[in-house]
Amino acid sequence: MAGGLFAINREFFERLGTYDSGFDIWGGENLELSFKTWMCGGKLEIVPCSHVGHVFRKRSPYNWKPGVNVLRKNSVRLAEVWLDEYKHYYYNRIGNDLGDFGDVTSRVELRKRLNCKPFEWYMKNIYPELFVPGDAAGEGEIRNLGDGADTCLDSPAKREDFEKPIMMWPCHLQGGNQYWMLSASGEIRRDEACMDYAGKDVILYPCHGAKGNQMWFYDPHNHSLMHGVSRKCLEMTKDKQGVSMETCNGGPRQMWGFQNFDPSKVKIEYV
(Lines give C-alpha, C1' and ligand atoms only; values in the text may rest on other atoms or scores of the structure.)
Protein backbone atom coordinates (compact mmCIF):
# COMPACT_ATOMS: atom_id res chain seq x y z
CA MET A 1 0.00 0.00 0.00
CA ALA A 2 1.47 3.33 -1.04
CA GLY A 3 1.53 5.80 1.83
CA GLY A 4 2.74 3.21 4.30
CA LEU A 5 3.68 0.13 2.28
CA PHE A 6 1.72 -2.82 3.62
CA ALA A 7 1.55 -6.33 2.26
CA ILE A 8 -1.69 -8.33 2.39
CA ASN A 9 -2.49 -12.02 2.10
CA ARG A 10 -3.90 -12.49 -1.39
CA GLU A 11 -6.65 -14.90 -0.35
CA PHE A 12 -7.77 -12.52 2.41
CA PHE A 13 -7.62 -9.55 0.01
CA GLU A 14 -9.91 -11.36 -2.45
CA ARG A 15 -12.29 -12.41 0.32
CA LEU A 16 -12.59 -8.76 1.32
CA GLY A 17 -13.69 -7.90 -2.22
CA THR A 18 -10.32 -6.44 -3.31
CA TYR A 19 -10.60 -2.74 -4.18
CA ASP A 20 -13.92 -1.02 -4.79
CA SER A 21 -14.31 -1.19 -8.58
CA GLY A 22 -16.30 2.06 -8.37
CA PHE A 23 -13.26 3.97 -7.17
CA ASP A 24 -11.62 6.18 -9.78
CA ILE A 25 -7.84 6.24 -10.28
CA TRP A 26 -6.54 7.09 -6.81
CA GLY A 27 -7.58 7.90 -3.24
CA GLY A 28 -9.59 6.28 -0.47
CA GLU A 29 -8.42 2.72 -1.09
CA ASN A 30 -6.03 2.80 1.86
CA LEU A 31 -8.81 3.75 4.28
CA GLU A 32 -11.30 1.29 2.84
CA LEU A 33 -8.84 -1.58 3.08
CA SER A 34 -7.88 -0.66 6.64
CA PHE A 35 -11.46 -0.31 7.85
CA LYS A 36 -12.69 -3.55 6.37
CA THR A 37 -9.57 -5.45 7.44
CA TRP A 38 -10.33 -4.65 11.08
CA MET A 39 -14.13 -4.71 10.84
CA CYS A 40 -14.34 -7.95 8.88
CA GLY A 41 -12.19 -10.28 10.95
CA GLY A 42 -8.61 -9.37 10.16
CA LYS A 43 -5.92 -7.22 11.69
CA LEU A 44 -3.19 -4.88 10.50
CA GLU A 45 0.25 -5.34 12.05
CA ILE A 46 3.51 -3.44 12.05
CA VAL A 47 6.30 -6.01 11.87
CA PRO A 48 9.77 -4.66 12.76
CA CYS A 49 12.49 -5.36 10.20
CA SER A 50 10.00 -6.41 7.50
CA HIS A 51 10.70 -5.38 3.91
CA VAL A 52 8.10 -4.48 1.29
CA GLY A 53 9.03 -3.50 -2.25
CA HIS A 54 7.29 -0.62 -4.03
CA VAL A 55 7.92 0.38 -7.65
CA PHE A 56 7.06 3.91 -8.75
CA ARG A 57 6.28 4.80 -12.35
CA LYS A 58 8.16 7.69 -13.93
CA ARG A 59 4.86 9.41 -14.73
CA SER A 60 1.17 8.96 -14.01
CA PRO A 61 -0.49 6.74 -16.66
CA TYR A 62 -4.01 7.94 -15.83
CA ASN A 63 -6.29 10.36 -17.62
CA TRP A 64 -7.93 12.52 -14.98
CA LYS A 65 -11.55 13.37 -15.70
CA PRO A 66 -12.08 17.12 -16.00
CA GLY A 67 -14.46 18.57 -13.43
CA VAL A 68 -14.45 15.43 -11.25
CA ASN A 69 -13.03 15.49 -7.73
CA VAL A 70 -11.80 11.91 -7.74
CA LEU A 71 -10.65 11.83 -4.12
CA ARG A 72 -14.00 13.20 -2.92
CA LYS A 73 -15.98 10.73 -5.02
CA ASN A 74 -13.99 7.79 -3.67
CA SER A 75 -14.21 9.08 -0.11
CA VAL A 76 -17.99 9.46 -0.31
CA ARG A 77 -18.31 5.90 -1.60
CA LEU A 78 -16.15 4.75 1.30
CA ALA A 79 -18.25 6.70 3.81
CA GLU A 80 -21.55 5.41 2.42
CA VAL A 81 -20.48 1.79 2.79
CA TRP A 82 -18.30 1.67 5.91
CA LEU A 83 -18.79 4.68 8.23
CA ASP A 84 -22.44 4.19 9.26
CA GLU A 85 -23.73 7.26 11.13
CA TYR A 86 -20.19 8.65 11.38
CA LYS A 87 -20.32 9.49 7.66
CA HIS A 88 -22.18 12.71 8.47
CA TYR A 89 -19.10 14.15 10.16
CA TYR A 90 -17.26 13.87 6.86
CA TYR A 91 -20.21 15.20 4.88
CA ASN A 92 -20.38 18.28 7.11
CA ARG A 93 -16.72 18.94 6.36
CA ILE A 94 -17.38 19.02 2.60
CA GLY A 95 -20.51 21.15 2.84
CA ASN A 96 -22.71 18.08 2.22
CA ASP A 97 -21.75 18.25 -1.45
CA LEU A 98 -21.66 14.50 -2.20
CA GLY A 99 -21.79 14.74 -5.97
CA ASP A 100 -22.31 11.65 -8.13
CA PHE A 101 -20.57 8.79 -6.31
CA GLY A 102 -22.22 5.95 -8.25
CA ASP A 103 -23.99 2.82 -7.07
CA VAL A 104 -22.65 1.26 -3.85
CA THR A 105 -25.22 -1.55 -3.60
CA SER A 106 -22.73 -4.32 -4.30
CA ARG A 107 -20.31 -3.00 -1.67
CA VAL A 108 -23.05 -2.78 0.95
CA GLU A 109 -24.02 -6.38 0.13
CA LEU A 110 -20.35 -7.40 0.43
CA ARG A 111 -20.21 -5.93 3.93
CA LYS A 112 -23.35 -7.80 4.95
CA ARG A 113 -22.09 -11.06 3.46
CA LEU A 114 -18.81 -10.77 5.38
CA ASN A 115 -20.76 -10.07 8.59
CA CYS A 116 -18.54 -7.08 9.37
CA LYS A 117 -18.68 -5.18 12.64
CA PRO A 118 -20.15 -1.63 12.81
CA PHE A 119 -17.90 1.37 12.48
CA GLU A 120 -18.65 2.31 16.09
CA TRP A 121 -16.86 -0.91 17.09
CA TYR A 122 -13.83 0.25 15.09
CA MET A 123 -13.87 3.63 16.83
CA LYS A 124 -14.13 2.16 20.33
CA ASN A 125 -11.73 -0.77 19.91
CA ILE A 126 -9.19 0.18 17.24
CA TYR A 127 -8.90 3.97 17.46
CA PRO A 128 -10.43 5.03 20.80
CA GLU A 129 -8.09 8.01 21.16
CA LEU A 130 -9.51 9.74 18.07
CA PHE A 131 -11.45 12.94 18.73
CA VAL A 132 -15.09 12.47 17.69
CA PRO A 133 -16.76 15.60 16.28
CA GLY A 134 -20.06 14.57 17.87
CA ASP A 135 -18.51 15.25 21.28
CA ALA A 136 -17.82 18.87 20.33
CA ALA A 137 -19.70 21.70 22.01
CA GLY A 138 -19.45 23.82 18.87
CA GLU A 139 -18.84 23.02 15.22
CA GLY A 140 -18.91 24.59 11.78
CA GLU A 141 -17.88 28.11 10.85
CA ILE A 142 -16.79 30.69 13.42
CA ARG A 143 -18.26 33.95 12.15
CA ASN A 144 -17.46 37.43 13.39
CA LEU A 145 -20.76 38.95 14.52
CA GLY A 146 -19.69 42.58 14.51
CA ASP A 147 -18.27 44.61 11.66
CA GLY A 148 -17.45 41.45 9.72
CA ALA A 149 -20.79 39.68 9.76
CA ASP A 150 -19.89 37.92 6.52
CA THR A 151 -16.32 37.03 7.58
CA CYS A 152 -15.12 33.77 9.17
CA LEU A 153 -11.99 32.30 10.72
CA ASP A 154 -10.15 30.50 7.94
CA SER A 155 -7.00 28.37 7.88
CA PRO A 156 -5.66 25.34 6.03
CA ALA A 157 -4.63 22.55 8.40
CA LYS A 158 -1.86 20.69 6.62
CA ARG A 159 1.35 20.28 8.58
CA GLU A 160 3.17 22.75 6.35
CA ASP A 161 0.56 25.34 7.37
CA PHE A 162 1.13 24.94 11.10
CA GLU A 163 2.48 28.00 12.92
CA LYS A 164 1.14 30.35 10.21
CA PRO A 165 -1.27 33.08 11.41
CA ILE A 166 -4.98 32.25 11.23
CA MET A 167 -6.75 34.59 8.82
CA MET A 168 -10.25 35.88 8.09
CA TRP A 169 -12.07 35.13 4.83
CA PRO A 170 -15.61 35.65 3.50
CA CYS A 171 -17.87 32.93 4.92
CA HIS A 172 -18.76 30.32 2.29
CA LEU A 173 -20.61 27.54 4.20
CA GLN A 174 -18.61 24.88 2.35
CA GLY A 175 -16.73 23.53 5.36
CA GLY A 176 -13.09 22.96 4.45
CA ASN A 177 -10.80 25.64 5.86
CA GLN A 178 -13.72 27.20 7.75
CA TYR A 179 -14.87 24.08 9.59
CA TRP A 180 -13.91 24.28 13.27
CA MET A 181 -14.81 22.28 16.37
CA LEU A 182 -14.91 23.52 19.95
CA SER A 183 -14.11 20.52 22.14
CA ALA A 184 -15.76 20.01 25.51
CA SER A 185 -12.43 20.82 27.17
CA GLY A 186 -11.98 24.16 25.38
CA GLU A 187 -9.87 23.31 22.32
CA ILE A 188 -10.71 24.94 18.99
CA ARG A 189 -9.79 22.15 16.59
CA ARG A 190 -9.23 21.42 12.94
CA ASP A 191 -8.70 17.64 12.81
CA GLU A 192 -5.42 17.03 14.68
CA ALA A 193 -4.56 20.73 14.89
CA CYS A 194 -5.64 23.22 17.56
CA MET A 195 -5.82 26.99 17.70
CA ASP A 196 -2.82 28.09 19.77
CA TYR A 197 -1.66 31.41 21.19
CA ALA A 198 1.77 31.83 22.80
CA GLY A 199 2.02 35.61 22.90
CA LYS A 200 2.44 36.52 19.23
CA ASP A 201 0.21 35.25 16.40
CA VAL A 202 -2.85 33.01 16.73
CA ILE A 203 -1.82 29.86 14.89
CA LEU A 204 -2.66 26.21 14.36
CA TYR A 205 -0.44 23.76 16.23
CA PRO A 206 -0.70 19.99 16.83
CA CYS A 207 -3.20 19.34 19.61
CA HIS A 208 -1.42 18.27 22.81
CA GLY A 209 -4.31 17.90 25.24
CA ALA A 210 -2.50 19.84 27.97
CA LYS A 211 -4.76 22.93 27.71
CA GLY A 212 -2.38 25.87 28.33
CA ASN A 213 -1.95 27.81 25.08
CA GLN A 214 -4.72 25.76 23.47
CA MET A 215 -7.53 26.36 25.97
CA TRP A 216 -10.28 28.81 25.09
CA PHE A 217 -13.45 29.92 26.88
CA TYR A 218 -16.45 30.70 24.71
CA ASP A 219 -19.14 32.86 26.34
CA PRO A 220 -22.39 32.41 24.36
CA HIS A 221 -23.93 35.44 26.09
CA ASN A 222 -21.47 38.11 24.98
CA HIS A 223 -20.02 35.91 22.20
CA SER A 224 -16.42 36.33 23.31
CA LEU A 225 -13.56 33.87 22.82
CA MET A 226 -11.15 34.32 25.70
CA HIS A 227 -7.75 32.66 25.85
CA GLY A 228 -7.30 30.68 29.07
CA VAL A 229 -3.70 31.64 29.83
CA SER A 230 -3.37 35.24 28.61
CA ARG A 231 -6.99 36.17 29.54
CA LYS A 232 -7.12 38.17 26.30
CA CYS A 233 -9.94 37.95 23.78
CA LEU A 234 -9.81 37.04 20.10
CA GLU A 235 -10.41 40.12 17.96
CA MET A 236 -10.77 40.62 14.23
CA THR A 237 -8.33 43.18 12.86
CA LYS A 238 -9.70 46.47 11.49
CA ASP A 239 -8.96 45.45 7.90
CA LYS A 240 -10.94 42.20 8.41
CA GLN A 241 -7.97 40.20 7.11
CA GLY A 242 -6.72 38.60 10.30
CA VAL A 243 -7.08 38.26 14.07
CA SER A 244 -5.18 39.41 17.14
CA MET A 245 -5.41 38.95 20.90
CA GLU A 246 -6.52 42.07 22.76
CA THR A 247 -7.77 43.12 26.19
CA CYS A 248 -11.37 41.96 26.46
CA ASN A 249 -13.74 44.91 25.89
CA GLY A 250 -16.96 43.40 24.54
CA GLY A 251 -16.55 45.30 21.28
CA PRO A 252 -18.10 44.13 18.00
CA ARG A 253 -14.82 42.82 16.58
CA GLN A 254 -14.55 40.53 19.63
CA MET A 255 -17.96 38.96 19.05
CA TRP A 256 -17.99 35.46 17.53
CA GLY A 257 -20.67 32.94 16.72
CA PHE A 258 -20.38 29.21 16.13
CA GLN A 259 -22.52 27.79 13.36
CA ASN A 260 -23.74 25.19 15.87
CA PHE A 261 -23.25 25.41 19.62
CA ASP A 262 -24.52 23.17 22.43
CA PRO A 263 -23.68 24.57 25.89
CA SER A 264 -24.65 21.28 27.56
CA LYS A 265 -21.49 19.66 26.12
CA VAL A 266 -19.08 22.17 27.65
CA LYS A 267 -17.07 20.61 30.49
CA ILE A 268 -15.13 23.69 31.60
CA GLU A 269 -16.53 26.75 33.36
CA TYR A 270 -16.20 30.22 31.91
CA VAL A 271 -14.40 32.38 34.48
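Begin by selecting Cys40 and Cys116 and looking along the bond between their sulfur atoms: the torsion about this S-S bond is about 100 degrees, so the disulfide is right-handed. The model on your screen is a predicted one, and this tour follows its disulfides, of which the structure holds 4.

Stay with the selected pair for a moment. The disulfide that joins Cys40 to Cys116 has an S to S distance of 2.0 Å, and the two cysteines belong to distant parts of the chain, being 76 residues apart. To see what surrounds them in sequence, colour the helices: Cys40 sits in the loop between α2 (29-39) and α3 (70-82), while Cys116 sits in the loop between α5 (105-113) and α6 (119-125). If you now switch on a surface, keep in mind that both Cys40 and Cys116 are buried.

Next, select Cys152 and Cys171, whose sulfur atoms lie 2.0 Å apart in a disulfide. This pair, too, links distant parts of the chain, since Cys152 is found in strand β2 (residues 151-154) and Cys171 in the loop between β3 (167-170) and β4 (180-182), with their positions 19 residues apart in the numbering. Turn the view to look along the bond, where the torsion is about 100 degrees and the disulfide of Cys152 and Cys171 is therefore right-handed. Cys152 has a relative accessibility of 0% and so counts as buried.

Move on to Cys233 and Cys248, which form a disulfide with their sulfur atoms 2.0 Å apart. Because Cys233 lies in strand β10 (residues 233-236) and Cys248 in the loop between β11 (243-246) and β12 (256-261), the pair ties together parts that are 15 residues apart in sequence. The torsion about the S-S bond of Cys233 and Cys248 is about 95 degrees, so this disulfide is right-handed. It is worth showing the two cysteines of this pair in separate colours: Cys233, at 1% relative accessibility, counts as buried, whereas Cys248, with a relative accessible area of 35%, is partly exposed.

For another cysteine, select Cys49 and bring back the surface; with a relative accessibility of 73%, Cys49 counts as exposed, because exposed means over 50%.

Finally, zoom out and follow the chain from its start, counting the bonded cysteines as you go. Counted in this way, the disulfides of the protein follow the pattern 1-2, 3-4, 5-6, 7-8.

Definitions and conventions. Residues are numbered from 1 along each chain as its sequence is written. This is a predicted model: local features need pLDDT of at least 70, side-chain atom pairs count only at pLDDT 80 or more; totals for chains, interfaces and linings use all residues. Side-chain values use heavy atoms; hydrogens and water are left out. A disulfide is a pair of cysteine sulfur atoms within 2.5 Å. Helices (H or I, at least four residues) and strands (E, at least two) are DSSP runs, numbered from the N terminus. Buried means under 20% relative accessible area, exposed over 50%, partly exposed in between (1.4 Å probe, protein chains only).
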